[in-house]
Each structure stands twice: as structure tokens, then as C-alpha cells.
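Reader: I would like a close look at one part of this model, the nonpolar core, and at what surrounds it. Please take it step by step, and keep to what can be checked against the coordinates.

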Amino acid sequence: MLQLSDFRRQRSQRKAPRPRRSSLSLLSELFGKKSMNAAELEAFVGAGLRSVVMHETGHILGLRHNFKGSLGVSAECLQTISCTAEQGLGVSVMDYLPLNMPSEGGPEIHVFSPVIGAYDKLAIRYGYIDMEAYSATELPGVLQEAADNFDICTDADYELAEDPFCAMEDLGEDPIQFHENQFEEFVRVQRSLLLTATTPGGSYKDYGYAVRRLLGQTLMLGEDLLPWLGGIRSRYLHRSLLGPAGTGTENRTQRAREPAPIDLQRRALLLLLRLLRPRSAGLLPPDESLPYLVDAGGNEGEIMSVDLPAKARNLTQILLSSALSSARLRQVLKQEQLLGLDPTAPPALSVSEFLSELVAGVLGQGFEASQEVPPEEMDLHMQLAVALKVLFQDQALPAEVRALVLQQLRQLSAATESGLLHIAAKDDLERKGRQKRASVDLMNSHLALLRSELSEVLCLSPEEICSSPRVPAQTMAPKARSASRSTSVAYALWAVGASIGLRL
Ligand SMILES: [Zn+2]
């Protein structure tokens, strides 16, 4: 899905695509081949051009975009060439469809849509109907057929970014399944990218470029998941010609608006949590490839080292702060309250569940001092504390949401205090090896910094639970001193931070 999706996204942003040889190599790798021969490449490009021409011809004939065109075709059909030969990759070529990737060792399938979709045929029938030859009921009949069988959404709906089903670059009736497959594909490609992105005799700059592209795709995958959190499914429905008001169309099972299915929202959140740990998820280059991770510099002929940890940190920071933004929380609340207390309404994702699952997912196994905590985990903890703090300080947020955010801040604070106590209680630090002790010292300092961050919002008033009363200084200090030099340093750091309101 790499090149065409990029092309379309860049086109929508009015930027020119930037073709590079390594992109083709990447594409070949996605197809599970070392490289394409000339005939395969020609067939591939030809099929892609045909799908683009079908789309553009649709515009010429008056059709608008329909970004729900991908929803009408099942995952099973997408992997069966005889099925897509009839149905296409979606019910409309007026969607922006990504490449339909074959599974490794799987059967041959259509990578691009080979035919126009059922929705396109109906839309053309409606627009070009022979008014003299058909009865007056023909047009409403076409509209009814459209209402019964097809979901639509246009560019304007897409811009609202409220309905996650209204999405570009996804495939099939289960878009989260598509994103889960994408995730697995990225992991697979990353493993062998050093070999596939550089040709024999070629510069390793191509490898750095391919890694950068793949990380860009990984970020886009995360950004595609965000609208699912608190997503609201909207439909163009009309009151029936015959039925009473409020019953919708003849198809009474549909609502004009409803929460996106809760299982899809939960799966989107789980996948997002995996993206927040790109190293352990296998989304970063393997260690053995790191010596070759160079990219083109700013000037022709230059090379520069790629700062991979900074790129990974940037990825998690963008995704976590977006997931915990005021706008996202408001959207989840809006979705939760959408249908009131109607017992027949489908279940919604509550703000409470969303926040607690996200925070618990980021914290992972908590702050066990016995474990060595990787630097990326420390970054995640700090990013979480900062994001929650910023949320809590947004006084325009509905009060119930702020209260729920405060609950999570308290949870995080309790975990931090528990981690510090766990370290302080250990009296066998002196007997441990130097390396082990260094990691415990580091964890101790990390937790002290986290506590300092949290103390800014948890000490707003004397009644408020805050870091200091939870672990009284009188109790903590002697323990820390007797336990090790490192804990007393951590305590001193916290005490200084707390007394001068240090912003970290
Ligand atoms: Zn178009």
C-alpha cells in the first residue's frame, strides 16, 4: 500500500510525490518477492493506472468521492480473485483504496480494483436515467436501493473526522482488521528491510530512507486508529415515505447516528497501545541493522546518521498526546452520551473505560524495581504524566471528565509511590552487583522525577491527595538514607523539586 497511498495523501495535501528506487524495493518486499521483473512491473503499473482512470472518469461523469466504498466487500472476498473480479475491491471506485496486499505464500489476488463497484453503477443509473422511458417511481426506487444497500460519505464528512468508517486508505468491512494486518506487515517488512531496500552496490542511504518511510507509515497507521476512539457512525437516512416520523427509512434497523461498535473501538485502542511500544512490537529496525542506518543529508551526496530513538520517541509522543487530548476526550464523551439511556442503544465506549485502559496499558507492569526499565518505557511514563496533567489543567473540559482524569493521576501517583517504597524497602542493595544497582538507582531517580511532575497537580489544595503526605518525609528520608545513597539522592531531588515547584 505504500506508494499509491502516499501519492494520494500527498495529492490531497497538494504536494508532489517523491518516487525513489527504495520505494519500489519496499513494494517488492511487501509482495514477498526479492524484486519484480519488467513484465510483472508493467502489469502492476497498468492495473494501478486502470483503477486511477476509473476513479477520474467517475468524477468526469459527476460522481463525488465515497470514502465508505471500501466497506461493502468482505475480507474473504478481497483474498479471492474470482470474487473481486465481479465485486471489485470496494462497492465504489470513488473511494481512495490502498493496495490489496497478498498474504505471504497466499493465492494471486487483485492488488488494484479491476472493475467499478455496485454503488458506482447505481449512482450512474440515477444520474443518467432516461426520464421519458421510465416511470415516475423509478428515481425514488433507485434512491431506496441505495439507502438499503450502501453507506456513503463525502469529502465534507471526512473533514469532520467524527465517523471512523469514513476513511481513506482502508479496505474491507472490518477496517480494524485491515489495520491489524498492516501492523503485522510492517513488522515483517522491517525485519528484512536492510536487504530489500538496498540493491547490490547501492548506498545504505536507501536503507535509511526506507526506514524513515516505514516509520512514517507506522505513524499514519496510529493516526488512522485515533478517530475510532469515541467514533460516531453517521448515515444518510431519510424518513420513510410511508412510516411515522422517527422510524427512519424502510430499513428500521439502522440509525442516523450511533456509537461506532464498541468492539472495534476496543481493538483500535489495543492496537494503538502496541504502537506505543515500537521497539518491543518489532516496528523498529533490528539491532544487527543499526550499523547501516544512514540517510541522505540536506545537501547532495551527504549522509547522516539516523537518530532512531528520537524518531521512536516522536512517534509515541504524537500518538499518546493525541489520544489524551482534550478534543479526543470530548469526542469520547459525546459518543458515550449520544443516545442517552435508551436500553436498545448499542453500547458505547465510556470515558472511564477509555482512560483506565489507556493508562493501565501505558503503565504495563508498573514500577517494579527488580526489573530493568528500558529508556523508552521511562519516556512513556513521563509522556503519560505530562499528558494527564495538561488534560487536568484544561478547565474547559466537562467536570466529569476532569474528575476521571484526576482518578488516573491518582492511580499513577499511587503506582509511583509504591515503586519508590519498594526500592526504599530493599536493604540488600549493597550486596547486588554494580550494574544491577545502577539500574535500581536509575529507576529511583526516574520515579522521583515522575513524582515531581505529578505533584504539580496533586497538591493543589491542602485536602488534595498529593505526593508528599502519601509518603511522609519523616518516614521516607531515614529509610532512604539507610537503604542507599541513590534513594537519598532521589528523595533530595524530589524535596527540592517539590519545594520550588520545579517544572520538569
Ligand atoms: Zn477523486
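**The core and its surroundings**

Author: Among contacts in the chain between residues at least 6 apart in sequence, 73% join residues at least 24 apart. The model is a predicted one, and the values below are computed from it. The chain has 504 residues, of which 37% count as buried. Its secondary structure consists of 22 helices and 4 strands.

In soluble globular proteins, nonpolar side chains tend to be buried together. Here the largest nonpolar core holds 72 residues, and the members touching the most other members are Ala 268, Leu 272, Leu 384 and Leu 388. Helix H19, residues 434-458, supplies the largest share of this core, with 9 residues. The core takes at least three residues from domain 1 (2-239 + 255-284 + 308-323) and at least three from domain 2 (374-500).

Ala 268 is a useful place to start. Leaving aside residues up to four places away in sequence, Ala 268 touches Ile 176, Leu 225, Trp 228 and Leu 229. There is also a second, separate core of 19 residues, with Leu 78, Ile 152, Cys 153 and Phe 165 among them.

The helix packing around Ala 268 comes next. Helix H11 (residues 205-225) and helix H12 (residues 262-275) have axes that come within 9 Å and cross at roughly 150 degrees. Because angles over 145 degrees count as roughly antiparallel, H11 is roughly antiparallel to H12. The crossing of H11 past H12 is left-handed. From H11, the residues that meet H12 are Thr 218, Leu 221, Gly 222 and Leu 225, and their counterparts in H12 are Ala 268, Leu 271, Leu 272 and Leu 275. Ala 268 and Leu 272 therefore appear both in this helix contact and among the core members that touch the most others.

H11 also packs against helix H14 (residues 308-323), at an angle of about 15 degrees and with the axes 10 Å apart. Because angles under 35 degrees count as roughly parallel, H11 is roughly parallel to H14. H11 passes H14 in a right-handed crossing. Leu 215, Thr 218, Leu 219 and Gly 222 of H11 make the contact with Lys 311, Leu 315, Ile 318 and Leu 319 of H14. Thr 218 and Gly 222 of H11 thus take part in the contact with H14 and also in the contact with H12.

For domain 2, which spans 374-500, one residue pair gives a view of helix H19. Arg 410 is found in helix H18, residues 399-424. Arg 410 has 16 other C-beta atoms within 10 Å and is therefore partly exposed. Along the chain, Arg 410 and Leu 454 are 44 residues apart, and 8.7 Å separates their C-alpha atoms. Leu 454 falls in the residue range of H19, 434-458.

Another helix pair can be added for the picture. The axes of helix H6 (residues 118-127) and helix H7 (residues 138-149) cross at roughly 160 degrees and come within 10 Å. H6 is therefore roughly antiparallel to H7. H6 passes H7 in a left-handed crossing. The meeting residues are Leu 122, Arg 125 and Tyr 126 in H6, and Leu 139, Val 142, Glu 145 and Ala 146 in H7.

Some loop residues remain. Pro 102 sits in the loop between helix H5 (81-87) and H6. Pro 102 counts as partly exposed because it has 18 C-beta neighbours inside 10 Å. Pro 102 is 23 residues from Gln 79 in sequence, and their C-alpha atoms are 7.2 Å apart.

Most residues other than glycine have a negative phi. The loop between helix H8 (155-160) and helix H9 (175-191) contains Ala 161, and Ala 161 has a positive phi of about 55 degrees although it is not a glycine. Glu 169 is found in the loop between H8 and H9 as well, and its phi is also positive, near 65 degrees. Their surroundings can be set side by side. Ala 161 is partly exposed because 14 other C-beta atoms lie within 10 Å, whereas Glu 169, with 23 C-beta neighbours inside 10 Å, counts as buried.

Methods: Residues numbered from 1 in each chain as written. Predicted model: local features only at pLDDT ≥ 70, side-chain atom pairs only at ≥ 80, totals over all residues. Core = buried A, V, L, I, M, F, W, Y, C linked by C-beta atoms within 7 Å. Buried ≥ 20, exposed ≤ 12 C-beta atoms within 10 Å, placed from the backbone. Helix = DSSP H or I, 4+ residues; strand = E, 2+ residues; numbered from the N terminus. Domains from an automatic or database assignment. Contact = placed C-beta atoms within 7 Å. Axes fitted to C-alpha atoms, helices over the stretch in contact; angles between N-to-C directions. Parallel < 35°, antiparallel > 145°, perpendicular 65-115°, else oblique. Left-handed = near helix turned anticlockwise from the far one by under 90°.
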